[in-house]
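Grab the sequence and the 3D view, and let's work through a few exercises together. Each one has a task, followed by a solution in steps.

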Amino acid sequence: MRAPRIPIVLGLLVSSTALAQSHLRLSYEMAVPQGATKDYVDRFSSRGAHLDASFELSYAFHLELSAGLNSFNSVKQGVLTTTDGQDVSGKQFRYLNVIPLMGGFAFHIPLGHGSRFWAGANGGAAYFERVVDLGLTEYTLSDWQWGVQPHVGIAFGLDRSGTALFFDGRWQYFWERHGLPAQQYFSFGVGLLFGPGRH
Amino acid sequence: MRQMVWTGALVALAACYPGGAEQVTDLDTVTTQHDPGAKFSSIRTYALPDSIQEVTSPHGWPLTIDHSHDAQILAWVTANLDGLGWTRVDPAVTAPDVDVLVSVSATRYVEYLSYPFYDAWPGWAGFSTYDGTWGVTYPWMSSASYATVLDAGTLRMEMLDARMPDASNKTLTAIWTASIDGVLAGSTDSLLQRIQHGIDQAFAQSSYL
């Protein structure tokens, strides 16, 4: 029973060698805020997208470049203390737009027929734009924060063109900077992977 | 396939951008500021005029203000000040620790905007002989414009420290201000309810008083 497994595994690897190559991934993304991010906007985000470019450096080892957008919003009733010492109460319409720009490495494991599994970690920064609409006034506070982005994903080949349907998940953590607290959220994406076609 | 993907992504991103205020009361705010160095704990007495004075904003057009509910509004202010354990005094008889002044302003703000009429109805046959470089002129106005109008009101409470007037500079120090701001819309009862809530909120969020 043991012998047949080796040819099967080898066959999978050989047949999929050509698939584990550079590709682009475009995804629609949802996100769940955590920690201080949740304190600011406590609602699940259904608006986000990511574009990832994956370059194969050696077999199964990829350089990843990633850009995204995650938009959160929530409504809170409370008192906002402004930087000039005003206490303003009312209905706060809070928005948080995050633009993470990351780079890193990932291992891609070919699964055959254009499918693959990957796991990796990115590092970089994200631009956080915090907006609070309160009454007829808009208050904003924006800055870049450094962070990391571990991620995993699985893709299922759709056809011989190299297109695959994929699902991925990321934990996005950004360190405190300039007095702004550390930010974190989980994001989940579904999208299409565009790679080299099979011949 | 790729075109569908891009179209889907754009639709997903453009769809349901979260809205803001849906009701007039969603725009109500109460703003308070205070002097951190003021000794609020030693205040025992206050004086309050029996009238609410009008202040005209330097911007916009002043609106006519109905003063028939001034006594009711001042009663709400008094109730909150009394709730602090302070005593209202007649300044003609007793010198108060602080003077509390209540003023109001109501203003119509009009903003004139130019808008690209050609781009607003893209492809409409009526504009087929024009292009985006054309504009519209309004003979009764000095510039091509489109007006948006907003009526806004503010009830303001100020607390002046009467204990240490600066006689040399002829200055009284404001140690607390509260501004209750909102859009002027709705029935009189609704407006009064919003004003009362705003007054109560101003004191509630000023725990140092």
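**Exercise 1. Trace the antiparallel run of strands in chain A, starting from E1(A) and E2(A).**

Step 1. E1(A) and E2(A) run antiparallel, joined by six bridges. A strand here is a DSSP run (E) of at least two residues, a helix is one (H or I) of at least four, and both are numbered from the N terminus. Two strands pair if DSSP finds at least two bridges between them. To find your place, look for Leu26(A), which sits opposite Leu51(A) in E2(A).

Before going on, some housekeeping: this is a predicted model, where local features need pLDDT of at least 70 and side-chain atom pairs count only at pLDDT 80 or more, while totals for chains, interfaces and linings use all residues. Residues are numbered from 1 along each chain as its sequence is written, with chains lettered from A and ligands numbered from 1 in the order in which they are written.

Step 2. Move on to E2(A) and E3(A): they are antiparallel too, with 11 bridges. Ser58(A) has Phe61(A) in E3(A) as its bridge partner. Two residues lie between the strands of this hairpin, where Ala60(A) takes a positive phi near 75°.

Step 3. E3(A) and E4(A) are antiparallel with 19 bridges. Check Ser71(A), whose bridge partner in E4(A) is Asn97(A). The hairpin has five residues between its strands, and Gly85(A) in the turn has a positive phi of about 90°.

Step 4. Finish with E4(A) and E5(A), an antiparallel pair held by 20 bridges. Gln92(A) finds its bridge partner, Leu134(A), in E5(A).

Step 5. Now put that run in context. Chain A has two helices and eight strands, in the order α-β-α-β-β-β-β-β-β-β from the N terminus.

**Exercise 2. Which residues have a positive phi although they are not glycines, and how exposed are they? Try His113(A) and Lys170(B).**

Step 1. His113(A) has a positive phi of about 55°. His113(A) is in the turn of the E4(A) and E5(A) hairpin, which has two residues between its strands.

Step 2. Count neighbours. A residue is buried if 20 or more other C-beta atoms (placed from the backbone) lie within 10 Å of its own, exposed if 12 or fewer, and partly exposed in between. His113(A) has 17 C-beta neighbours inside 10 Å, so it counts as partly exposed.

Step 3. Do the same for Lys170(B), in the loop between E7 and E8 of chain B. Its phi is positive as well, about 55°. With 7 other C-beta atoms within 10 Å, Lys170(B) is exposed.

**Exercise 3. Describe the side of chain A that touches chain B: which strand gives the most?**

Step 1. The contact involves 20 residues from chain A and 19 residues from chain B. Two residues are in contact if their C-beta atoms, placed from the backbone, lie within 7 Å.

Step 2. On the chain A side, E1 (23-34), E2 (47-58), E3 (61-81), E4 (87-112) and E5 (115-134) each supply at least two residues. E4(A) gives the most, with six residues.

Step 3. E4(A) also pairs antiparallel with strand E1 (residues 29-34) of chain B, over four bridges. Within E1(B), Thr31(B) stands opposite Val88(A), and Val30(B) stands opposite Ser89(A).

**Exercise 4. Find the largest nonpolar core: how many residues does it have?**

Step 1. A nonpolar core is a set of buried Ala, Val, Leu, Ile, Met, Phe, Trp, Tyr and Cys residues joined through C-beta atoms within 7 Å. The largest has 24 residues, and Val100(B), Ile180(B) and Ala202(B) have the most contacts inside it.

Step 2. Another core lies apart from it, with 11 residues, including Ala31(A), Phe72(A), Leu96(A) and Phe174(A).

Step 3. Zoom in on Ala202(B). Leaving out residues up to four places away in sequence, Ala202(B) touches Val30(B), Thr32(B), Met157(B), Ala178(B) and Ile180(B).

**Exercise 5. Where in chain A is the pLDDT below 50?**

Step 1. Start with the average: chain A has a mean pLDDT (the predictor's confidence in each residue, from 0 to 100) of 89, and 89% of its residues reach 70 or more.

Step 2. The stretch is residues 6-20 of chain A, which has 18 contacts in the model beyond near neighbours in sequence. Where pLDDT is low, the predicted coordinates should not be read in detail.
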